[in-house]
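Here are a few short exercises on helix geometry and packing. Grab your viewer and work through them.

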Amino acid sequence: MTGFIVFAGALLMMTGLVNVFEGFIALFSDERLVVTRENLIIVDVTAWGWIILIFGLLLMAVGACLLTAQTWARIAAIVLVCLHAVTQVAWLGAYPVWALLMIALDVFVLYALTARWSDVRDELGGSSRVEWDGQEAADLSAAERRRPPLM
C-alpha cells in the first residue's frame, strides 16, 4: 500500500468525522433563523443533518477500508469524494470559507487516490499481460512430461 493511499484514507476519515460533527450540530440545533428585508424565515435543517451525518459515516467507513487495503474502497472513495465536492458547491453561497475548505480537502483526497493509479494496479496484480520467455516454456513442457496422463 502506497503512502498516497494511506494519506487519502486518513484524510477521508478526518473529513467524514467533521461531517459527522456537522450532522450532529444540525440535528441538535435544527432551527435556523434567516432575516431578509421583507420576511423573517425559520428554516428546519433536520433532514440535512441526517443526510450529512450518514454521508460522514460513509466517508469514515470507506476511509477505514482504504487503510485496510480493500481494493473496492478506492473506487468507492473516488465516487463519494466527488459527490461530497458537488454538495459543497451547493453550500458556497451560505458558507463560502467552509465550503472552499471542504472542496480543497476533497481535491487532495482525489489527487492521492488517482495520482499513482498504475503503480497501485501493478502492485495488486491488475496487469493481465504475462510475458513468457523460452525458459518458462521449456519448464512447462518438462512439467507436462512428468505428469501422468488423465484417464
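**Exercise 1.** Work out the handedness of the crossing between α1 and α3, and say how the two helices are oriented.

*Solution.* Keep in mind that this is a predicted model. Start with the handedness: α1 and α3 cross in a left-handed sense. Next, get the geometry. Two packed helices are described by the angle between their axes and the distance between the axes. Here the axes of α1 and α3 (residues 72-90) come within 12 Å, crossing at roughly 45°. That angle lies outside the bins for roughly parallel (under 35 degrees) and roughly perpendicular (65 to 115), so α1 and α3 count as oblique to each other.

**Exercise 2.** Find which residues of α1 meet α3, and sort the contact by class.

*Solution.* On the α1 side, pick out I5, L12, T15 and N19; their partners in α3 are R74, A77, V81 and H84. Sorting this contact by class gives 4 nonpolar, 3 polar and 1 charged residues. Now check burial in α1: I5, L12, T15 and N19 are among its buried residues.

**Exercise 3.** Compare the reach of α1 with the expected span.

*Solution.* Helix α1 covers residues 3-28, which is 26 residues. From first C-alpha to last, α1 reaches 38 Å, close to the 38 Å expected at 1.5 Å a residue.

**Exercise 4.** What is the sign of phi at A69, and where does this residue sit?

*Solution.* Recall the usual pattern: most residues other than glycine have a negative phi. A69 isn't a glycine, yet its phi is positive, about 65°. Then locate A69: it's in the loop between α2 (46-67) and α3. Finally, A69 has a relative accessible area of 47%, so it counts as partly exposed.

Terms used. Residues are numbered from 1 along each chain as its sequence is written. This is a predicted model: local features need pLDDT of at least 70, side-chain atom pairs count only at pLDDT 80 or more; totals for chains, interfaces and linings use all residues. Side-chain values use heavy atoms; hydrogens and water are left out. Helices (H or I, at least four residues) and strands (E, at least two) are DSSP runs, numbered from the N terminus. The expected span of a helix is 1.5 Å times one less than its number of residues. Buried means under 20% relative accessible area, exposed over 50%, partly exposed in between (1.4 Å probe, protein chains only). Axes are lines fitted to C-alpha atoms, for helices over the stretch in contact, and angles run from 0 to 180 degrees between N-to-C directions. Angles under 35 degrees count as roughly parallel, over 145 as roughly antiparallel, 65 to 115 as roughly perpendicular and the rest as oblique. A crossing is left-handed if the near helix is turned anticlockwise from the far one by less than a right angle, and right-handed if clockwise. Contact means heavy atoms within 4.5 Å. Ala, Val, Leu, Ile, Met, Phe, Trp, Tyr, Cys and Pro count as nonpolar, Asp, Glu, Lys and Arg as charged, and the others, Gly among them, as polar.
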